[in-house]
Amino acid sequence: MNFVQWAQSPWGPQVPIHIAWDLLWVSAVGGLLFLIVHALYVRYWAKAVTVRSGESVAIAPEVAIQVPERIARHSLGARLFHFIMAVAMFALLLTAFLPRVGVMFSWVTYHWIAGVVLTISIVYHIFHASFWLDFWSIWPDREDIEDATRRIRRALGRPAPAPRKFAKYPLENKLYHLVVMLAGLAVVVTGVFMMSRVQTPFFTRNPYLFGDSTWGWMYVLHGLAGIGFVALVLVHVYFAVRPEKFFITKSMIFGWITREQFLEHHDPRRWTVTEQGSGMRKPNKEVLT
């Protein structure tokens, strides 16, 4: 199978023009297979591993009593960004791939408008996360790696200390965010340049901005990122509706989680909250340990 579509330019050489559209089905089927395998793993194996793990890391009463009844997990700005980004992403996927499966309509204008909305929302998110939120809370740290190693060893039946509870974001959320960030930047940067090839209010149409080969590889990268989002969106929706993760989904709607949910899933030493529940203060280990 050839993953890239090629064509001969008017000047003779072969140049890439896009990815192979069969990869769309590879991404969709791969995402669905992941959902099935994960559901079976959780149902028949993960629970048994958890039971065999034995001990858990307890939270000291003097620490738990400091936790407010409601803990703010997502600000209004973060929730609005997530909603706008989700709408833009679904619009982009539908306008990009519905014509490829036989649903024909004038999709180009809707596609670039959704792309503009996505780009603006991402720029907003970068500034919002950098200056108003705890920027580093979404990035994997040394404790995440150590705990992941412990979980893997226990899953394989090997001895290992009990893994700690998560900080604000579990490692899988952080890794997912990293993949989405890379795919999002690829699709946005290439999409902005590709807008010069269609008539918009922002650019004078100039299909000759780059050479044929450069345009071709840009379309390939844009297509790969777009097709990757098919699987990524499937996985995101799947985890959003899983019963054990649904409290996180509700927090994206209402903005907060309860004290019980916080203590069950998170370590107050790694995610310290104030009485207002901002969750943005760094842990004070001298007080909590």
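This explanation goes through a strand pair and two helix contacts in a predicted model.

Towards the start of the numbering, strand β1 (residues 4-8) and strand β2 (residues 14-19) pair in the antiparallel sense, with five bridges between them. Within this ladder, W6 has P16 of β2 as its bridge partner. The two strands form a hairpin with five residues between them, and in that turn G12 takes a positive phi of about 115°.

Helix α7 (residues 212-241) takes part in both helix contacts described here, and the partner to take up now is helix α3 (residues 76-97), whose axis comes within 11 Å of that of α7 and crosses it at roughly 130°. Because angles over 145 degrees would count as roughly antiparallel and those from 65 to 115 as roughly perpendicular, that crossing makes α3 oblique to α7. The crossing of α3 and α7 is left-handed. On the α3 side the contact is made by H82, M89, F90, L93 and F97, and on the α7 side by G226, I227, F229, V230, V233, H236 and V237. Sorted by class, this contact of α3 with α7 holds nine nonpolar and three polar residues, with no charged ones.

The other partner is helix α6 (residues 171-194), for which the axes of α6 and α7 come within 9 Å and cross at roughly 140°. Here too the crossing, that of α6 past α7, is left-handed. Residues of α6 including Y176, V179, A183, V187, F193 and M194 meet residues of α7 including W215, M218, L221, A225, F229, V233 and H236. By class, the contact of α6 with α7 comprises 17 nonpolar residues and five polar ones, and again no charged residue.

Notes
Residues are numbered from 1 along each chain as its sequence is written. This is a predicted model: local features need pLDDT of at least 70, side-chain atom pairs count only at pLDDT 80 or more; totals for chains, interfaces and linings use all residues. Side-chain values use heavy atoms; hydrogens and water are left out. Axes are lines fitted to C-alpha atoms, for helices over the stretch in contact, and angles run from 0 to 180 degrees between N-to-C directions. Helices (H or I, at least four residues) and strands (E, at least two) are DSSP runs, numbered from the N terminus. Angles under 35 degrees count as roughly parallel, over 145 as roughly antiparallel, 65 to 115 as roughly perpendicular and the rest as oblique. A crossing is left-handed if the near helix is turned anticlockwise from the far one by less than a right angle, and right-handed if clockwise. Contact means heavy atoms within 4.5 Å. Ala, Val, Leu, Ile, Met, Phe, Trp, Tyr, Cys and Pro count as nonpolar, Asp, Glu, Lys and Arg as charged, and the others, Gly among them, as polar. Two strands pair if DSSP finds at least two bridges between them.
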